[in-house]
Amino acid sequence: INASVMDGDKFDELQTELHEQSEAQSALEKLQADRKTLPIYRYRDELLKAVHDHQVLVIVGETGSGKTTQIPQYLHEAGYTKRGKVGCTQPRRVAAMSVAARVSQEMGVKLGHEVGYSIRFEDCTSEKTVLKYMTDGMLLREFLGEPDLAGYSVVMVDEAHERTLSTDILFGLVKDIARFRPDLKLLISSATLDAEKFSDYFDSAPIFKIPGRRYPVEIHYTKAPEADYLDAAIVTALQIHVTQSPGDILVFLTGQEEIETAEEIMKHRIRGLGTKIAELIICPIYANLPTELQAKIFEPTPEGARKVVLATNIAETSLTIDGIKYVIDPGFCKMKSYNPRTGMESLLVTPISKASANQRAGRSGRTGPGKCFRLYTAYNYYNDLDDNTVPEIQRTNLANVVLMLKSLGIHDLLHFDFMDPPPSEALLKSLELLFALSALNKLGELTKVGRRMAEFPLDPMLSKMIVASEKYKCSDEIISIASMLSIGNSIFYRPKDKQVHADNARMNFHAGNVGDHIALLKVRSMKRARDIRDQLEGLLERVEIELVSNPNDFEAVKKSITSGFFPHSARLQKNGSYRTVKHPQTVHIHPSSGLAQVLPRWVVYHELVLTTKEYMRQVTELKPEWLVEIAPHYYQLKDVEDSTSKKMPRGEGRAS
Ligand code: ADP
Ligand code: MG
């Protein structure tokens with residue numbers, strides 16, 4: 001009896017297994033069929049022939065035509081992966097992860113095996129990996145270990161039109177290695193039509209155009225400028241939902257916080273609309289969205305419901321969401337801006353360019369006629385928006401890139417083959433900073449400190465803080481702080497309905513007013529921070545810095561922090577604001593800081609954020625004499641003497 005029962009169980013098990021297999025099989029068949037419906041599919045053979053015939057090829061095709069997901073697969077099918085990997089770069093980490101996941105599904109393999117991705121602090125590849133999606137910054141770092149990219153048979157610099165700093169530097173490096181590696185194929189792919197510029201730069205490389213199908217998009221403008229674009233966007237989305245025919249909505253917002261606010265308000269207002277309204281599914285997407293939630297935006301919308309995707313710029317060209325029929329474009333994005341005079345960098349909400357506005361509108365016309373609601377006037381569009389976004393290289397701090405190029409042995413930065421050169425002032429400023437951090441010597445050559453710093457995939461000030469921790473015997477604490485700072489602003493999660501609770505919990509970490517950096521040290525439970533920490537630990541070993549803990553000596557920890565961040569020092573003013581020391585500017589301690597009520601006389605900060613005021617985020621108290629002790633070539637005694645003890649006429653002695 002027992003035997004027959006077991007047989008019965010086994011039989012069921014087998015049946016289930018067979019059923020699952022056939023389901024997986026048919027899912028795979030469906031995916032294969034879908035691949036053939038993409039606009040790029042008709043050009044597969046032509047494209048492969050062009051790759052075969054030319055070493056460098058510029059590829060242009062509308063967003064969603066299949067460039068990112070299909071071209072690497074075509075190359076694999078054509079045998080290119082027998083001689084090396086196919087690498088495909090993305091400016092955004094979410095795009096790299098999401099596209100790799102999709103391609104692994106299409107190929108019916110496990111993510112991380114044949115198809116993988118590599119983003120900073122997360123390597124999801126293996127020995128088997130032949131199609132590797134990665135951020136442009138990661139490929140840049142691979143040059144440090146393998147200057148000729150010998151492991152690759154094809155490099156595809158994707159989303160080239162985004163012109164991120166890393167992509168621009170990659171252009172120069174891949175152009176250079178293509179000269180002595182005739183077997184390396186180089187693809188530069190872009191969603192916009194300024195391909196001539198790429199072609200010119202790559203010695204007149206041929207341009208392969210993939211004609212997209214594009215349906216007409218009706219553009220609507222507002223009659224008058226909107227005072228509150230967030231509210232206008234929410235109202236417009238709900239109006240579409242109530243009055244317009246089926247089709248999903250895509251709303252472009254500027255960042256995580258704004259998206260969370262919009263989601264909250266929308267949910268609230270939908271409840272007020274009663275039960276007769278069709279279901280509205282809200283899907284947020286931004287860079288720090290947990291991986292599990294990212295997949296949600298791609299799930300097909302159930303019959304009778306409507307989806308509204310609240311996205312950052314990431315949905316402009318990096319990710320294509322099927323089924324979008326309505327686009328709401330408030331006309332803003334968050335953009336880095338850099339002042340080379342002061343060396344200060346901040347993220348600002350900025351009007352988008354006409355090119356961006358047109359990309360955004362285009363997202364609504366992929367599968368049928370669409371509508372785009374621009375929350376600005378036609379006059380604004382024609383007269384106020386720039387034609388194109390300024391490339392990042394012209395509006396950012398270059399210290400990181402300069403350090404990397406120096407460690408690649410590229411010394412003559414003024415003559416590097418830039419597609420658009422950075423302002424020489426900005427280059428100079430980075431050299432100055434690296435010199436101040438002792439990463440370069442007076443001749444501009446890399447020092448031992450600089451060589452060690454370059455091993456860390458971090459901003460130079462953070463790397464310096466780590467390297468300096470050797471001297472203060474607290475590398476253990478410092479890499480914990482560095483890993484927490486690296487995961488960004490998401491450490492203290494602040495759910496909208498539990499804010500008081502969350503703030504109290506956070507304040508517990510501030511007991512004793514030890515400062516924000518040290519408070520970070522105490523919250524060490526997050527997994528991602530742990531992973532990053534493990535990697536930093538590995539890198540410490542590589543640069544031969546011993547892992548030493550100095551748990552009771554906060555002064556040592558603060559001195560290490562100061563060793564990296566001394567250019568970010570500020571002094572308290574009588575009115576409770578602060579004045580930065582080197583390039584005097586008024587700043588404030590961010591209200592979320594544990595020191596916001598304490599107001600120490602002297603502080604160093606991690607970064608500045610401009611909201612209603614210029615705020616310092618992640619702040620630690622320091623003693624002014626440390627500045628002279630740690631950075632004698634940067635600060636003189638007169639910089640740090642208290643203004644009460646020595647009166648100096650305004651502006652004097654500050655010229656630098
Ligand atoms: P392009 O790079 O030309 O903009 P893609 O190759 O990214 O085009 O997209 C081709 C198709 O693959 C689109 O229809 C898109 O919706 C789909 N796709 C891409 N990534 C995913 C994903 N993670 N999940 C589901 N579908 C995806
Ligand atoms: Mg793409």
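**Entry 1: Ile321**

I started with Ile321, in the loop that joins helix 11 (314-317) to strand 13 (324-329). I am working from a predicted model. Is Ile321 buried or exposed, or partly exposed? I counted 18 other C-beta atoms within 10 Å of its own. Buried would need 20 or more, and exposed 12 or fewer, so Ile321 is partly exposed.

Next I looked up its contacts. Leaving out residues up to four places away in sequence, Ile321 touches Leu250, Ile297, Phe298, Val309 and Ala315. I also checked Met107, which is 214 residues from Ile321 along the chain. Their C-alpha atoms are separated by 20 Å.

**Entry 2: the UniProt domain**

I turned to the record. UniProt, in an unreviewed entry, places "domain: Helicase C-terminal" at residues 234-409. I find that stretch to be 34% helix and 25% strand. Its end C-alpha atoms are 52 Å apart.

**Entry 3: ligand 1**

Which residues come nearest to ligand 1? Of the 17 around the ligand, they are Lys67, Thr68, Thr69, Arg102 and Phe298. I had already met Phe298 as a contact of Ile321. I sorted the shell by class: ten residues are polar, four nonpolar and three charged. Helix 3 (67-77) supplies at least two residues of this shell, and so does helix 4.

**Entry 4: helix 3**

I followed helix 3 along its length. How many of its eleven residues are buried? Nine are, which leaves the helix mostly covered. Lys67, Thr68 and Thr69, listed above beside the ligand, are among the buried ones. The others are Gln70, Ile71, Pro72, Tyr74, Leu75 and His76. Just past the end of helix 3, I noted that Gly79 has a positive phi of about 95°.

**Entry 5: the sheet**

I then traced an open sheet of eight strands. Its order is 4-3-5-2-6-7-1-8, and the pairing is mixed. Why do strand 4 (122-124) and strand 8 (207-210) each have a side without a neighbour in the sheet? They stand at the edges with a single partner strand each, so one side is left unpaired. From one strand to the next, the twist averages 20°.

I checked one pairing by residue. Strand 1 (residues 56-61) runs parallel to strand 8, with four bridges between them. Val60 has Lys209 of strand 8 as its bridge partner. Helix 4 (residues 93-107) packs on this sheet. I found that helix 4 touches strand 2 (85-90), strand 3 (115-119) and strand 5 (131-135). The direction of helix 4 makes about 170° with that of strand 3.

Methods
Residues are numbered from 1 along each chain as its sequence is written. Chains are lettered from A and ligands numbered from 1 in the order in which they are written. This is a predicted model: local features need pLDDT of at least 70, side-chain atom pairs count only at pLDDT 80 or more; totals for chains, interfaces and linings use all residues. Two strands pair if DSSP finds at least two bridges between them. Axes are lines fitted to C-alpha atoms, for helices over the stretch in contact, and angles run from 0 to 180 degrees between N-to-C directions. Two residues are in contact if their C-beta atoms, placed from the backbone, lie within 7 Å. A residue is near a molecule or strand if its C-beta atom, placed from the backbone, lies within 6 Å of it. Ala, Val, Leu, Ile, Met, Phe, Trp, Tyr, Cys and Pro count as nonpolar, Asp, Glu, Lys and Arg as charged, and the others, Gly among them, as polar. UniProt positions are given in the numbering used here, feature names are shortened, and annotations may be inferred rather than shown by experiment.
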